[in-house]
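Me: I would be grateful for a close look at a single part of this model, namely the surroundings of the ligand. Which residues surround the ligand, and which polar atoms of the protein lie beside it?

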Amino acid sequence: MPVPKAKYIWMNGEFLKWDEAKVHVLTHALHYGSGVFEGIRAYSTKKGTAVFRLRDHIKRFFKSAKIYLMDIPYTLDELVEVTKELIRKNELESCYIRPIAFRGYGEMGLFPLKCPIDVAIAAWTWGAYLGEEGIKNGIRVKISSFRRIDPNTLPPAAKATGQYINSILAKVEAVTDGYDEAILLDTRGVVSEGSGENIFLVRDGKLITPTTSASILEGITRHSILTLAHEMEIEVVERDIVRSDLYCADEAFLTGTAAEMVPIREVDNRPIGKPGPITRKLQEAFYAIIRGEDSNHEEWLEYV
Ligand code: PPE
């Protein structure tokens, strides 16, 4: 998806003009994928632009860095403030925000602890990741022939740049085969997640999603949906899911910051059908909250 330019990108303590936020070709992370990042969204509300669960995203950013022994030279509060200032300076309303910390220029090789850590935050206007049509009517997914990375190869709990090569393999396979998104199985063969989204299904009125030990990224949208489901007294089960559970699901959907909440209408050419009642109910509640139309969970909105 194209990235429309904004005015400024914050990098290593300064607000640089968009075109000036550059790196050297020998940047460590470019060669070895040694970076960590976040994806955050802000929404235009009647009380102004609000970032959805900003602190939780920045906290996960620090966790990803911890897994890779990277010391981010800023505090949580500093990065929260910088993000809000970046949105104000760019005069953005609804936007996608991309913090990244990466091993920079100066050292090569696989012992990078002496490399400088560069930190940047960019923001731009980004539309529906899996299409508006997908949010309304659902998408078609394919179980990937590529397995999801595993906690003992590349820990899925870390949102690290190099790890996304795995998602790219699966996504490209699915799209070139005519599907909208890939669903990856973990190394045991149970359902893990989409290339950039967590997965949920509904069977007999119960909401089911893979456990955190199924090689998933613990999505903040996933957590938000689980919280809303509990409040609606929908029974929630976190358990291992096999592919036939998906084929026979009454409803299914994906969640993620970029994707938001997208129904699945077909898995491997087996129809699931139009978005069902539980999907719709959760979708309505979620979209009302992020757009500031419902004061339930106001604590999730950080006004800029
Ligand atoms: N799993 C993966 C692998 C993943 O990348 C994401 C977010 C999620 C689950 C959902 O997490 P959360 O956003 O906290 O609900 N994927 C980000 C990157 C997408 C991209 O193309 O880049 C995102 O949605 O921002």
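Reply: The following account describes the ligand site and then turns briefly to salt bridges. The model is a predicted one, and the distances given here are computed from it.

The ligand sits in the largest pocket. Helix 2 (54-67), strand 6 (95-103), helix 6 (220-231) and strand 14 (251-256) are the elements that each give two or more residues to the shell around the ligand. In total, 22 residues surround the ligand, and the closest are Tyr96, Tyr129, Tyr164, Thr221 and Thr257. By character, the residues of this shell comprise six nonpolar, ten polar and six charged.

Two of the closest residues, Tyr164 and Thr257, also provide polar side-chain atoms beside oxygen atoms of the ligand. For Tyr164, an N or O atom of the side chain is 2.5 Å from a ligand oxygen. For Thr257, a polar side-chain atom likewise lies 2.5 Å from an oxygen atom of the ligand. A nitrogen atom of the ligand, in turn, is 2.7 Å from an N or O atom in the side chain of Glu193. On its own the ligand has 550 Å² of accessible area, of which the protein covers 94%.

As for salt bridges, the count comes to 20. One of them joins Glu81 and Lys84, whose closest N and O atoms are 3.7 Å apart. These two residues are separated by about one helical turn, because they stand three residues apart in helix 3 (residues 76-90).

Notes. Residues numbered from 1 in each chain as written. Predicted model: local features only at pLDDT ≥ 70, side-chain atom pairs only at ≥ 80, totals over all residues. Heavy atoms only, no water. Near = heavy atom within 4 Å. Polar contact = N/O pair within 3.5 Å; in protein donor to acceptor, adjacent residues only side chain to side chain. Areas by Shrake-Rupley, 256 points an atom, 1.4 Å probe, with all protein chains shown as cover. 1 Å grid on protein atoms, 1.4 Å probe; cavity = no way out; pocket = protein on both sides within 12 Å on 5 of 7 lines; lining within 4 Å. Sits in = over half its atoms within 2 Å of the grid points. Helix = DSSP H or I, 4+ residues; strand = E, 2+ residues; numbered from the N terminus. Nonpolar A, V, L, I, M, F, W, Y, C, P; charged D, E, K, R; others polar. Salt bridge = Lys/Arg side-chain N within 4 Å of Asp/Glu carboxyl O.
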